[in-house]
Amino acid sequence: MATREIYETTFDEDVQTETDSNQCPECDGRVTTNAVETVCEDCGLVVDEQRIDHGPEWRGFDEDERERTGAPLTAARHDRGLSTKIGRGTDANGNELSGQKRRRLARMRREQTRGRFQSKAERNLAHGLSEVRRISSALELSETIRDQACQLFRSAQNEDLLQGRSIEAMAAASVYGACRCNGRPRTLDDITESARVEQSRMTNAYTTLNTELGLPAQPVTPSAFVPRLASELDVSDQIRQRARQLAEASESTGATTGVRPSGFAAACLYKAGREDGRWLTQSDVADVANVSVVTVRTHRDALDELAV
């Protein structure tokens with residue numbers, strides 16, 4: 001059966017033809033065409049297969065299995081990853097280039113760098129996204145959270161929230177906002193250690209983001225910090241589970257309202273370690289949670305009063 005009889009108007013989307021000429025050659029049943037094949041709905045005969053490959057056009061030309069398509073689109077780049085990169089020294093087959101061609105490529109590379117940004121706003125966007133990628137890499141965040149932070153920075157620039165604020169502060173605030181929206185236990189101190197800006201400026205930038213963009217950030221609970229602190233303290237699973245039970249029980253009673261989540265989680269781990277027979281010192285858990293020993297002791301006393 002000819003392809004033009006199957007696709008009357010289009011050829012690259014799911015269509016269902018109902019013309020008289022499109023009948024099954026076996027049972028004269030109704031023939032339906034989708035993006036994969038042409039099949040009879042009555043007897044199930046596959047009349048024709050789709051000749052168009054809708055998948056990625058990946059081809060391997062050497063042992064390294066290079067791909068024709070390149071990297072996918074990403075929000076982590078100011079140009080969505082569609083930029084072109086001019087190589088150095090060798091051509092696509094790995095052959096050495098002559099001196100004349102190398103000088104020509106150097107001039108092309110220089111002009112490409114100059115024309116990479118069309119405006120000052122695009123240059124600022126590239127700088128801010130590179131800062132977001134650097135902070136996300138230092139914090140070992142996933143690509144999903146990194147892309148959300150980059151998109152948050154784009155939204156901040158589109159809403160003119162960068163005026164009067166540093167790009168570094170807004171980039172750090174975007175990373176912190178993405179972590180808060182995804183429930184990742186990251187404190188302001190963690191972001192500040194990786195950022196190139198003071199914590200007060202980053203806090204002001206995050207407040208602006210949260211107010212102007214209406215971020216769906218949920219309050220961070222102590223139970224979210226327990227797995228991370230337990231991993232750094234290298235405690236057993238029993239202590240981890242007991243500390244999480246203490247944190248969740250305290251949250252249900254409202255005892256964690258207005259307290260620092262990491263400090264309360266450290267107190268839960270300290271109490272769980274004492275119950276399990278492992279003598280975790282207050283200074284150890286305080287250093288991991290980046291709080292004072294007095295904070296751990298105060299929350300420990302609150303846990304003792306709750307008797308959970």
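A disulfide here is a pair of cysteine sulfur atoms within 2.5 Å. Keep that cut-off in mind for the first stop in this predicted model.

**Stop 1: the cysteines.** Select Cys27 and Cys40 and look at their sulfurs. The sulfur of Cys40 has its closest cysteine sulfur in Cys27, 3.7 Å away, and that is too far for a bond. Go through the structure with this rule and you end up with zero disulfides. Now switch on a surface: Cys40 is buried, at 3% relative accessible area, while Cys27 is partly exposed, at 36%.

**Stop 2: the largest nonpolar core.** Next, pick Phe153, Met170, Ala172, Val175, Ile191 and Leu209. Within this core of 33 residues, they are the ones that touch the most other members. Colour the helices α3 (120-138), α4 (143-158), α5 (167-181) and α7 (199-213), since each supplies at least two core residues. Which helix gives the most to this core? That's α5, with ten residues.

Zoom in on Val175. Leaving aside residues up to four places away in sequence, Val175 touches Val132, Ile135, Ser136, Leu139, Leu141, Ala149 and Ile191. Apart from the largest core there is another one, made of 25 residues; to find it, select Ala243, Phe264, Ala265 and Ala289, which are among them.

**Stop 3: an aromatic pair.** Back to α5, this time with α7. How many aromatic pairs does a search of the whole structure find? Just one. Show Tyr176 and Tyr206 as sticks: their rings sit edge-to-face, with 4.9 Å centre to centre and 80° between the planes. Tyr176 belongs to α5 and Tyr206 to α7, so to speak a link between distant parts of the chain, 30 residues apart. Tyr176 is buried at 9% relative accessibility, and Tyr206 is buried at 9% too.

**Stop 4: helix α12.** Finally, select residues 293-306. This helix has 14 residues and spans 20 Å from first C-alpha to last, close to the 20 Å expected at 1.5 Å a residue. Its buried residues are Val296, His299, Arg300 and Leu303. Look down the axis of α12: those buried residues fall within an arc of 110°, so they line one face of the helix. Turn to the face pointing away from the buried side and you'll meet the exposed Val294 and Glu305.

What lies over the buried residues of α12? The cover includes α9 (237-253), α10 (261-276) and α11 (282-289). Last click: Ala307, which follows α12 and has a positive phi, near 55°.

How values were computed: Residues are numbered from 1 along each chain as its sequence is written. This is a predicted model: local features need pLDDT of at least 70, side-chain atom pairs count only at pLDDT 80 or more; totals for chains, interfaces and linings use all residues. Side-chain values use heavy atoms; hydrogens and water are left out. A nonpolar core is a set of buried Ala, Val, Leu, Ile, Met, Phe, Trp, Tyr and Cys residues joined through side-chain atoms within 4.5 Å. Buried means under 20% relative accessible area, exposed over 50%, partly exposed in between (1.4 Å probe, protein chains only). Helices (H or I, at least four residues) and strands (E, at least two) are DSSP runs, numbered from the N terminus. Contact means heavy atoms within 4.5 Å. The expected span of a helix is 1.5 Å times one less than its number of residues. The arc is that of the directions from the helix axis to the C-beta atoms. Rings of Phe, Tyr and Trp (its six-membered ring) pair if their centres lie within 6.5 Å; planes under 30 degrees apart count as stacked, over 60 as edge-to-face and the rest as tilted.
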